[in-house]
Amino acid sequence: MEGTLQQQIQQMVAQGILSGRFQPGEKMPSSRKLAQQLGVSRITVTLAYTELMADDYLTSRGRSGYFVSDNAPTTPQFEPPRQAPARAVDWTRALGQRFAGAPSLRRPENWRQFRFPFIYGQTDPTLFDHQNWRLCAVKALGQRDFEALTADYYERDDPQLIEFIARHTLPRRGIVARPEEILVTMGAQNALWLAAQVLLNQRRTVAMENPCYPGLRNALAQTRCITHPVDIDADGLPPEALPDELDVVFTTPSHHCPTAVTMPLERRQRLIDMASERDFMIVEDDYEFEMSFLKAPSPALKSMDRDGRVIYVGSFSKSLFPGLRLGYLVGAEPFIREARALRAAILRHPPGHIQRTAAYFLSLGHYDSLIRRMGRAYHERRTVMEEAIHAHGLRIAGANAFGGSSFWMEAPEGVDTGVLAQELRAESVLIEPGSSMFLQENPPTRFYRLGYSSIAASRIPEGIARIAAAIDRATG
């Protein structure tokens, strides 16, 4: 059990009642006796009992003590099912196995226990503004926001959050959008899935970057579309390499995933012009633009869009915390109308309390303060990591000139970074092998990613030294 001692006692008693161990009308141990048995203060037990009475699990009968309430919830009792001859389900035939076998990035659940977690996209608790987030969450629970907390929005979103995105977040990327052109999603992953479902089917053709974010590949596979991988170069996606027959391009121009390279302004304009000339759509995933702490990022593709051909994907999950699962889509009103209807059919809308809490955190200035704090920390970590990488002779295959939170690395020929990652775990080092991010059947195994969002600067040099030593052993 988790929580305070009082909460643990409440859980223990409630579970006893729900399981049938304590029956309605049964007398409970006195607060004094239970406190002695558990080795806690009597007031702790009394407070727990008081909360249980408020929830109608217990009732008090004056001096007689505490009893299980006659109205306490109980677990229904069912007759055991009739035994029939077992016939195993053929799950391969029943399911088709279209989803569970898809490639994905894996990290151990206990990754925080590793001393050198060079993993991407996770949050450092020492940087997050716990106090103000908690205050905003409590504010969103108040009576004034009862409607935002409890109402079914149907297809709508929290107007305060939409207003902040439209007036504050998007203008920083040069984007002007009306509320009807914005849709809140359950993170960037959900936004990409919605865009794929709306724009693609088995007769349409999509171009995507290689390597790429594995989650995008999985989302596209569900549409059964015709997929064309396009190898990126030092400037990201090359427009001249796009296939002749094309309906949609998915791209990450600001921070290519996973190499972190940035598409130059000239190439962005060429891609926009080509989309207009050849009549295809562009989905721009701008998942990490807030982490541009070295210099200002280039304008978003969406800001250069005059025809409404660019669908813009943004996320607060990278800049706040990944468990928030809060992102957004920006596009022409007909597209957003269709995406909104699809979202409503699947999950209605992201929870109102989460939307309102985020709206308060953003609008009260806490978000900008957090971004500045993270930028300073990431700048230091990047500098320390870059120096350590060069000192140990490791090779950077891709790094963003604007900032970001990771390096794309290349090990010597013959090194399998999947094997390397397993060996490094024994030394409390986590790296991310890159093979799952490539689209070809036999992907290269020498690439890997080093993130620095969740590791202290002081630990980086030793961690890099351990990686270098492991690579030396692999090539020696």
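**Salt bridges, strands and cysteines in a predicted model**

A search of the whole predicted model finds 23 salt bridges.

Biologist: Which residue forms a salt bridge with Arg 381?

Modeller: Side chains of opposite charge can pair when their charged atoms come close. For Arg 381, the closest N and O atoms of the pair are 2.5 Å apart, within the 4 Å limit for a salt bridge. The partner is Asp 124.

Biologist: How many residues apart along the chain are Arg 381 and Asp 124?

Modeller: Arg 381 sits in helix α13, residues 366–391. Asp 124 sits in the loop between β3 (116–117) and α5 (130–140). The pair thus links distant parts of the chain, and the separation is 257 residues.

Biologist: Are Arg 381 and Asp 124 buried or exposed?

Modeller: The cut-off for buried is under 20% relative accessible area. Arg 381 has 5%. Asp 124 has 9%. Because both values fall under 20%, Arg 381 and Asp 124 are buried.

Biologist: Which residue of helix α11 meets Arg 178 in a salt bridge?

Modeller: Arg 178 lies in the loop between α7 (159–169) and β4 (182–185). Helix α11 spans residues 333–347, and the partner in it is 155 residues from Arg 178. The N to O distance is 3.1 Å. The residue is Glu 333.

Biologist: Which residues are joined with Arg 178 into one network of salt bridges?

Modeller: Arg 178 also forms a salt bridge with Glu 181, with the closest N and O atoms 3.5 Å apart. Salt bridges that share partners build the network. Its other members are Glu 180, Glu 181, Glu 333 and Arg 337.

Biologist: Of Arg 178, Glu 181 and Glu 333, which counts as buried?

Modeller: Arg 178 has 40% relative accessibility, so it counts as partly exposed. Glu 333, at 27%, is also partly exposed. The remaining residue has a relative accessible area of 17%, and buried means under 20%. That residue is Glu 181.

Biologist: What is the order of the strands in the open sheet that holds β11?

Modeller: The sheet has 4 strands, and the pairing is antiparallel. β11 (395–398) and β14 (432–433) stand at the edges, each with a single partner strand, so one side of each is left without a neighbour in the sheet. The order is β11-β12-β15-β14.

Biologist: Which residue in β12 stands opposite Gly 398?

Modeller: Strand β12 covers residues 406–410. β11 and β12 pair in the antiparallel sense over 3 bridges. Opposite Gly 398 stands Trp 408.

Biologist: Where does Gly 403 lie, and is it buried or exposed?

Modeller: Gly 403 is in the loop between β11 and β12. Its C-alpha atom is 8.1 Å from that of Arg 382, 21 residues apart along the chain. At 0% relative accessibility, Gly 403 counts as buried.

Biologist: What is the handedness of the β-α-β crossover from β5 to β6?

Modeller: Strands β5 (residues 205–210) and β6 (residues 226–231) run parallel and are joined by 6 bridges. One of the bridge pairs is Ala 207 with His 228 in β6. The chain crosses between the strands through helix α9, residues 214–221. The crossover is right-handed.

Biologist: Why is there no disulfide between Cys 212 and Cys 257, and how many does the structure hold?

Modeller: A disulfide needs two cysteine sulfur atoms within 2.5 Å. The sulfur of Cys 212 is 7.6 Å from the closest cysteine sulfur, in Cys 257, so it is too far for a bond. Cys 225 is in no disulfide either; the nearest cysteine sulfur, that of Cys 212, is 12 Å away. The count of disulfides is 0.

Biologist: Are Cys 212 and Cys 225 buried or exposed?

Modeller: Cys 212 has a relative accessible area of 2%. Cys 225 has 11%. Both lie under 20%, so Cys 212 and Cys 225 count as buried.

Biologist: Which residues make the nonpolar surface patch of about 330 Å²?

Modeller: One member lies in helix α4, residues 91–95: Leu 95. Leu 95 is exposed, with a relative accessible area of 52%. The patch is made by Val 89, Trp 91 and Leu 95.

Note on methods. Residues numbered from 1 in each chain as written. Predicted model: local features only at pLDDT ≥ 70, side-chain atom pairs only at ≥ 80, totals over all residues. Heavy atoms only, no water. Patch = residues over 30% accessible without salt bridge, like charges linked within 9 Å, V, L, I, M, F, W, Y side chains within 5 Å. Areas by Shrake-Rupley, 256 points an atom, 1.4 Å probe, with all protein chains shown as cover. Salt bridge = Lys/Arg side-chain N within 4 Å of Asp/Glu carboxyl O. Helix = DSSP H or I, 4+ residues; strand = E, 2+ residues; numbered from the N terminus. Buried < 20%, exposed > 50% of the residue type's maximum accessible area, 1.4 Å probe, protein only. Pairing = 2+ DSSP bridges. Right-handed = clockwise from strand over helix to strand, strands pointing away.
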